[in-house]
Structure formats: C-alpha cells, structure tokens
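Q: I have a structure open that I have never looked at before. Could you walk me through it slowly?

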Amino acid sequence: MTARFRVHSHHPEAGGLHTQPPGHQFHQVNGWCGRNMRQDGVSTACRCQPDVAVCTGPPPPLAKQSSVPKYYQNILALIYAVKEINENPNFLPNTTLGFYVLNNYFISRMTYKATLSLFSTQHRFMPNFRSHTQKMMIAVIGGLVSEISDIITTILSLYKVPQLTYGSFSPDRYSENVFPLLYQMVPNEVYQYKGIVQLFHHFRWMWIGLWAADDDRGDLFLQTIIPMLSQNGMCFAFIKKLPKRTYMTKLIDMYMEQLETYPLLIKNKANVYFVLGERLSFSGLRWVLFLAHFSSFPPLGKVWIVTSHWEFESLSIQRSWDIEDFHGAISFTDHSSQLPGFQNFLQVVNPSWAKGDGFIQNFWEQAFVCSLTMSSALEEDSKSCTGEEKLESLPGTLFEMSMTGHSYNIYNAVYAVAHALHAIYVSGLKHRRRNGRNLEFQNVQPWQLHHFLQRIVFNNSAGDTVHFDEKGELIAGFDVTNWVTFPNCSFVRVKVGNMEPQASPGGKLTLDDAKIVWHRNFHQMLPISVCSDHCRPGYSRKKKEGEKFCCYDCAQCPDGMISEQEDMDACVKCSEDHHPNVDKDQCIPKMITYLSYEEPLGIILATMAISCSVLTALVLVIFMRHHSTPIVKANNQNLSYVLLASLFLCFLCSLLFIGQPVKMTCLLRQTAFGIIFSMALSSVLAKTISVVLAFIANKPGSILRKWVGKRLANSILLSCSVIEAGLCTLWLSTCPPFPDSDMHSVDGEIVLECKEGSNVMFYGVLGYLGLLAIASFTVAFLARKLPDSFNEAKFITFSMLVFCSVWLSFVPTYLSTKGKYMVAIEVFSILSSSAGLLGCIFFPKCYIIVLRPDLNDKKQFLRRKI
C-alpha cells in the first residue's frame, strides 16, 4: 500500500484556521480509484496503494476470478486509522487527513503509472505538473510485495517523498544512504530466516524442501537461505520453482510440468517444506496442489514453514479449494495486536456504507458470489446481493474479522505519519509563539517529514510501541503462528511462540511445543525430516560419497573413543583417567588396579610365598639339627646353609611385588630379588664346581688339589654375588625404579606399577642371573656321571633345568602380558624357580634324613663307593 500526504490551505478573511466538515469524493483516476477528503483550511491528503485486485466498473470475468478479496481489509485498516485520527480533537487540530487508494494489479507497468500519477494533476496523467490548488503529497504507504515496493522506491527517491512499506522488501538491494526516506513497517527479513533456521534446529529437522517463485525474488531467497542451512548442519532436499505470473496458456503448461515431479515429492524423505511466502508463491502453490488432487495424486501431508508475507489468502476462483494440505503449517507472522473497536468498525461495512467506494462492489460480489446490480445478475446468471451479508460468515481465506499483520502494519504506518505531522505542528506552534507569526503548515515539504519520522516513538491503541532504528526498520519481533485448518476452508491462527531479534545477536526464538498442531498424517507426533536416520550416541556420521553431508551412514566409534550426542561428525577420545563404557556413549572413570592382597590372585601368591618360606625354614632346621650326619656334610655344608637362607629370602622377597606400589617397595623389588637370587645361584655354582674339583683332585699328581676346600667355594659365592650387587647399586644410583600409573596398557584400568627406570639395567640384572643359571646347569650336566654317593650333580642338573625352563618361559609371557598380571607372572616365576631349587636339591636329602636314617651313615656311603 502506498500512502501520499499533501498539504494545502486557504486563508479565511478572519485570519487563522477554521475547521469545516470535509467533503468526500470517490472517483476513478486513470485506471485507479481514489478517495479525497477535503476541508477549507489546512488539508492533508494521504494516498495509499494497497495492491488490491480491481477498481470500479465491472471487470472481465477472468479478472474478477483473479481478485483477492482478503486484501480489502488493508483498505479498511487505512480508513479506520484515518477515521480515528480525524475524530481525535487532541491530534492534528484543525487538520483532516485524506487519502488516495491506487491499484497496480501486480503489474510493473501499472505500478509505474500509478506511482507517477501521484505527481500528476488529479484528472490527467501529466507527471511533474500540478495546479496551484492541488494538495501536496506528504508520504506514501506501500507496497505489499517486494517487486512493487522496489518500483515505488525508485520513483519516490527522485522526489524525496518518504515511503513506508508494509509488506515484503529486499533490504540488501538498498541502503540508508541511497534511499534515506525509506521506512519499513516490518522487521528485517533476515531475522525471519534466522528464526526459521532456529526452528529447524529446535525440532532437529535437517532435510528441508525449498519452494520459491521463479523470479529474482525467489533466486535471492535461495541465495540467502541455502548458506544459512549449510552453516547450521542442514541441507535442502530439493528446490521447486513456482511459476511466475504470465499468460494463462503458458502458466498451465508450467503447472503441468510441476505435476510431473509430484510423485518424487511424495517419495522424498523431506517432511518439512520451507516456502518463500509471498502472495504469488501461495497462489501458485495452491494451483499445483489443486491440479495434483485433480490428477488423483495423494495429499503430500507435509509441514509447511512460511515467511511473514503469507496470509493464507485465496483468489476468488480458489474459494472452494481445499486447504487441508496446509493443516499444521507454521509461519513467522508480523507481530499484530487486536485493536479495540476494529471489529465493531467492520460490522458496519456494507455495499452502501461509503458513497462512491470503488472497491466495495468488486469485493462484495467476489466474497459472497453474488451481484449488486440486477443487470449483472441476469447477464452472469448469478444471485443478487442483499447487502445484508455478514463479513464474519466468510472463510478465513477470503476475509478475516481479526486484523491481519499487513493491516496492522498499515494502521501503524498511518499513525507514524500522523505523529510526525503532529510533531511538525507542535514545533511550528512553538515557533509562532516565539516569533508572533502565523503558522504556515501548508508549506511543509515531504522531505521535512523524514527528520521527525526518524525520532517517532509512540504507543498505538493496542499498547504496542512503534519506532524505527537508525536504518529505518521497525523495531519489533515476529509471532510464530500455527495454522489449524478445517474442511470448510476456514482456519484458526494459534500463536505458539515469538521471535525477538533484539534479544541476542542472532535473535531469540521461544516456542510452546505443546500448543502446536501437526498435520494429520503425523498423528500429533513430532515430524521427522532427515535424509538419514539419526546416529545414536556411540556412533558417528560417515559421509556417503556423492551425496550431501546430511546423508550419511552410522559407524560405531573405535576403541577408546565415544560420542555422547546424536549425529556427531566424529568420535572423541576420553581423558586419560576415563574410558568408554560398553555402549561408547560416555566416559567413565577407569578402575585403579594393582596386585592386591585382597584379591584371590594376590592371596594365592602370598600364601604360596609364605608356605614355601616356612618349608624352606623347616628344611634349614632339619639340616642344622642333623649337621653332623654325612649327607649334610657332603658337598660343603656351609654352602647348603647359604643356599637355604637365600631361598628363604627369595620366597619372602616375592611379597614385595604384592600390594600397592610405593617408593620403598619399588626400590627393593628388583634389586633385592636380583641380589638374593644371585646368592642362591652362586651357591649352586660353587657346590657344582666343588664336586667336580673334588673328584678331579683325587687323581694322583693333580695340581688342583690345592684348590679343593672352602676357600674356593667362598670365593665363587662372594665374587658372583658382589657383581650382581654392583649392578643393582649402579641401577639405584642412576635410574632407580619408581612408582607410576599405566593408563593405556589395559582398557578401562589405571594400573599402579613400578617403573624400572632403566630397561637396560633391568634386563642386565636378569641377564646376569641367567648367565649364572646357565653356568651352573652346564657344570652340573658335565658332572652328572660321577659316583652317586658323594655327588649332587644329578639333582643340581635337574634343578637348574627347572630353573632355566621357568625363566625362559617367563620372558615371552611377561612381555605379552599387561597390567597387574605382569607382576603376578614375575612373582610366580620367582616362587616356581625357587621351589624347583628347593625341591630338586634338598628334598631327596630330607627324605634320607627323616625317612631313611639308615642310609645316612658313613659306612653306607663307603660301601656304595666300593
């Protein structure tokens, strides 16, 4: 709608301003309708272009059927606002607002002509020519769609006339520097897109079908929304272009082309359609759906998301068409409030309510399907209108009794201009009082209104605040409206939320999900619109080759990684002290483990160690009590005591490996084990060498006789043990073992352990023990055939075979085991190898001492020797 204000005055003889009842004239000017309200004195005229269908005179049948009766409320809102202002004695005193209403037929050529006619004489189309009695235009309100607003803005900018748009607009095409006199009675359209994307995100709709008109406006919409969807992890399933206004034959062909792809829409997984909701989009979409039903296609049954310009209006020809396809649609509508008295005002509207109204006849005939003139009724074979028809009986697609968003914007636009004029009047009144000069209100130029419009702040009759920002955009929000339709082509608007652009940088969307009514196909369940099913926690999305990123497969998270939310692009690792649960959807604390005395394995090993140590002590006691017997004295009695003592300590040192590792136990574990074991192996080696030398030295003339005795055995024992002690001392002084925690070896566990500090020293200590074992085994094996009476070589050979077998199997087993079981294997190896020495060397002797004392006699040894 385009509103024009003019200023004209007459100077009465008495001087000053007088107010007389204004005269009303309705007439058609160059194909458009006008209404002029005049008065003697100062007269202000507001010309408004509401983009309604036709004007006066009987239009051709096709033109009649293509009219939109619902837009008549825009004119009524304009009239109601002007009526309120003119009846308010405290507002613009001695001034009456007037207006012209022009029609553009949604045709660019007609829009140019109608706009230029505002700068012509009233009865002739002569742009830039006005008589001296013609009233000056102050402002323009309009238009409904962006294409019309663009044309009007281009012309008005040349004349510096303020324009207030109440419908869609393309803010990216203009800047406040190029068109500083442009004001938008709707918030910036970009906020709608941001709010709708938030709506998609709220309901987790990721697969969206896009519908737009096949024109520049539709292309601009797609260029804006597609990147926004991608940035928020959403994709468009398809893009459907709705035919633009053209010749009827070509239009039908284009609609038939749309039907060819209709089956693909039914099969598509997208359950949510986002439509650029301009008037032509809705009308064209209804044609597509109508032809689909006519062709026996099933209903789409989708969720329609539309912008604020969609008012669910119908052409007259579409009045009986089903709107059930749009049941449950959601739109971002311009915020509106119901004005007190507006519905009462609508009650008085009838074909004769205002003389010469050029729009009422066409509206009434198309809305109620009747004819106001008898001749037309006979010619068209239609019923006559009674004039008593009620507007409230009309379906919502033709007329609404509640004020629509567009009408509310027009109402506020009229008041914004009126408040600016009132501010000019008050300013001029103060100036007159100071200077004592008459007010020349009629000399106000349109561009002067801009200064006051910029600063306008007022509350309308509904209590809403109206003001603009520095860019000339209305500071307001959007209502989120749910459309509930009924079979009789009526509908109910349900406010289910709001969008506040100023609440945060991206705007704040608030929704009441419980109020939303979905399309009947969804049985009141939340619709799902995704290309692929959501990947549940524990899985991540794996992109499908050649498809959009919203289409993916679900791959389970690898070991050690989780995904806590649905549709995660990648799994994430847990922190070092946490690990994934079985479902890999959350991190849980790792369990702290070590070889404990409280667990069965630790209890068994500790029991074995203590039992073996007690058994060793018992053997030592037996040997000491029978120290004078030949079997104890044989093969160096002292070495037997040292070996038993070493084995006793070996069994006990294994207890250092059980329990929570601390600094002291870590220092003593390997070093004590190494030194004690080296003493045991040195004793075995000394005993074996002593046996060999004893038999060799008995030969006549042997030079080894002087080496036979305790001195050689003690030297071997001491020297071999000192070397191991030296290695351990070097280890402790350079890189000593220390307590540590291993978080990676065992899944789900933090293993408390002793780090060796230096692997070289650790394997050096074990290697030296292995060298002693091999030497003892070799010497014992060579001496195994010496006389049995005084020979332990066979037992030592077997014991060292057991010892070497244990430790050779220990190395691969130890390296292939993780966690506390590594410690358990080492403890078991210590116990089994020590038990092998104890059992193979000393149990045969204990058998003789305890059970066969008759064999423990010197004569028996001599007899067996002979």
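The chat below goes from the whole chain to single residues and salt bridges.

Q: Before anything else, what kind of model is this?
A: This is a predicted model, and the values in my answers are computed from it.

Q: How many helices and strands does the chain have?
A: There are 23 helices in the chain, along with 27 strands.

Q: And what share of the residues is buried?
A: Of the 866 residues in the chain, 54% are buried. As for the surface, the chain exposes about 39,100 Å², and carbon and sulfur atoms supply 59% of that area.

Q: What about contacts between positions far apart in the sequence, what share do they have?
A: Among the contacts in the chain with a separation of 6 or more, 72% are between residues 24 or more positions apart.

Q: Let's pick a residue. Where is Glu724?
A: Glu724 is placed in helix H19, which covers residues 710–734.

Q: Is Glu724 buried or exposed?
A: Glu724 is buried, because its relative accessibility is 0%, and the cut-off for buried is under 20%.

Q: Which residues does Glu724 touch, leaving out those up to four places away in sequence?
A: With those neighbours left out, Glu724 touches Gly674, Ile675 and Ser678, and also Val765, Tyr768 and Leu769. For Ser678, the C-alpha to C-alpha distance to Glu724 is 6.5 Å, although the two residues are 46 residues apart in sequence.

Q: Switching topic, where does His327 lie?
A: His327 lies in a loop, the one between strand E12 (303–306) and strand E13 (329–334). His327 counts as buried, since its relative accessibility is 5%.

Q: What does the side chain of His327 reach?
A: The side chain of His327 reaches the backbone nitrogen of Thr485, at a distance of 3.2 Å. Not counting residues up to four places away in sequence, His327 touches Trp483, Val484 and Thr485, together with Val517, Trp518, His519 and Arg520.

Q: Arg520 sounds worth following. Which residue does Arg520 meet in a salt bridge?
A: The partner of Arg520 is Glu324, and their side chains meet with an N to O distance of 2.7 Å. Glu324 lies in the loop between E12 and E13, while Arg520 lies in the loop between strand E18 (508–511) and strand E19 (539–543), so the salt bridge ties together parts that are 196 residues apart in sequence.

Q: Are those two buried or exposed?
A: Glu324 is buried, with a relative accessible area of 17%, whereas Arg520 is partly exposed, at 41%.

Q: How many salt bridges are there?
A: The count comes to 13 salt bridges. One of them joins Arg541 and Asp569, with the closest N and O atoms 2.5 Å apart. That pair links distant parts of the chain, as Arg541 is in strand E19 and Asp569 is in the loop between strand E21 (561–562) and strand E22 (572–573), 28 residues apart. Asp569 is exposed, having a relative accessible area of 57%.

Q: What about Lys83, which residue is its salt-bridge partner?
A: Lys83 forms a salt bridge with Glu87, and their closest N and O atoms are 3.2 Å apart. Lys83 is partly exposed, with a relative accessible area of 36%, while Glu87 is exposed, at 54%.

Q: Last one: which residues are linked in a network of salt bridges?
A: Lys70, Glu400 and Arg493 are linked in such a network.

Methods: Residues are numbered from 1 along each chain as its sequence is written. This is a predicted model: local features need pLDDT of at least 70, side-chain atom pairs count only at pLDDT 80 or more; totals for chains, interfaces and linings use all residues. Side-chain values use heavy atoms; hydrogens and water are left out. Helices (H or I, at least four residues) and strands (E, at least two) are DSSP runs, numbered from the N terminus. Buried means under 20% relative accessible area, exposed over 50%, partly exposed in between (1.4 Å probe, protein chains only). Contact means heavy atoms within 4.5 Å. A polar contact is a pair of N or O atoms within 3.5 Å; within protein, one must be able to donate a hydrogen and the other to accept it, and residues adjacent in sequence count only if both atoms are side-chain atoms. A salt bridge is a side-chain nitrogen of Lys or Arg within 4 Å of a carboxyl oxygen of Asp or Glu. Accessible areas come from the Shrake-Rupley method with a 1.4 Å probe; for residues, only the protein chains shown count as cover.
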